[in-house]
Amino acid sequence: MARLLVLGAGGYGRTVAEAAAGLFEEIAFLDDRAAAALGPCVDYEKWKGIYQYAYPAFGNNELRRRWLEVLEQAGFQLPVIVHPRAWVSPSAVTEPGSVVLAMACVGAASRVCRGAIINMGALIDHDCVVGPCVHAGPGAVVKAGNHLEPGEKVESGEVRERKEYVACTPKTND
């Protein structure tokens, strides 16, 4: 099994580590303030040979995007982390660096792009595109056919509706 280095030992970092617990042999933290961390975030290169995967557990979408680039350029692999109590449709795609947390659902033919967070209890309906480094907050609902722009945030409890979505209509022999 591989090892995961999580940058950020705050609430989101600990949540990511718990979601990833069964996927990795070892999970460790880098954090600028946490005493239990291996060191500050800027020490990431010291751990390249030991940890194959790294994930920047920062809720700030732009900060997470920049760190994803830095970590990947340094040679780390970006994990896909799906909590065992989340549901992702077999026809959905989750890209490297994306996280789907407990009780979240990702529907048919949806795409969760690089660095996106589908937080606890969030619902992503069918045919959605959750753009790079988007954050769907706890309990957010993204209805069918939505395309969320890179770095966008859907707040907790918010319902995102795409009014122009048109479902396929059957052909008739008229």
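## Briefing: a predicted chain without disulfides

By the distance rule applied here, in which two cysteine sulfur atoms must lie within 2.5 Å of each other, the count of disulfides comes to zero. The structure is a predicted model, and its protein chain contains two helices and 17 strands. The points below take up the cysteines, then the chain as a whole, and finally two loops that meet each other around Ser110, Ala109 and Asp127.

**Cysteines**

- The closest cysteine sulfur to that of Cys113 belongs to Cys133 and is 9.6 Å away, which is too far for a bond.
- Cys128 is likewise in no disulfide, since the nearest cysteine sulfur, that of Cys113, is 11 Å away.
- Cys113 counts as buried because its relative accessibility is 7%, and the cut-off for that class is under 20%.
- Cys128 also counts as buried, because its relative accessibility is 1%.

**The chain as a whole**

- A compact globule of 174 residues would have a radius of gyration near 16 Å, and the protein chain, with 17 Å, agrees with that expectation.
- Along its principal axes, the C-alpha trace of the chain spans about 70 × 30 × 30 Å.
- Of the 174 residues in the protein chain, 45% count as buried, while the surface that the chain exposes comes to about 8900 Å², with carbon and sulfur atoms supplying 53% of it.
- If one takes the contacts between residues at least 6 apart in sequence, 28% of them join residues that are at least 24 apart.
- The chain carries 17 positive and 20 negative side chains, and the centres of these two sets lie 1 Å apart.

**The loop between E8 and E9**

- Ser110 is found in the loop that runs between strand E8 (105-106) and strand E9 (111-112), and Ala109 lies in the loop between E8 and E9 as well.
- With a relative accessibility of 1%, Ser110 counts as buried, whereas Ala109, at 43%, counts as partly exposed.
- When residues up to four places away in sequence are not counted, Ser110 touches Ser91, Ala92, Val93, Ile124, Asp125, His126, Asp127 and Cys128.
- With neighbours within four places in sequence left aside, Ala109 is in contact with Ser91, Ala92, Asp127 and Cys128.
- Ala109 and Pro40 are separated by 69 residues in sequence, and their C-alpha atoms are 39 Å apart in space.

**Positive phi angles**

- Most residues other than glycine have a negative phi.
- Ala109 has a positive phi of about 60 degrees although it is not a glycine.
- Asp127, which is not a glycine either, also has a positive phi of about 60 degrees.
- Asp127 is placed in the loop between strand E11 (123-124) and strand E12 (129-130), and because its relative accessibility is 33%, Asp127 counts as partly exposed.
- These two residues with positive phi, Ala109 and Asp127, are in contact with each other.

Note on methods:
Residues numbered from 1 in each chain as written. Predicted model: local features only at pLDDT ≥ 70, side-chain atom pairs only at ≥ 80, totals over all residues. Heavy atoms only, no water. Helix = DSSP H or I, 4+ residues; strand = E, 2+ residues; numbered from the N terminus. Rg over C-alpha atoms; globule rule 2.2 N^0.38 Å. Buried < 20%, exposed > 50% of the residue type's maximum accessible area, 1.4 Å probe, protein only. Contact = heavy atoms within 4.5 Å. Areas by Shrake-Rupley, 256 points an atom, 1.4 Å probe, with all protein chains shown as cover. Lys, Arg positive; Asp, Glu negative; His and termini not counted. Charge placed at Lys NZ, Arg CZ, Asp CG, Glu CD.
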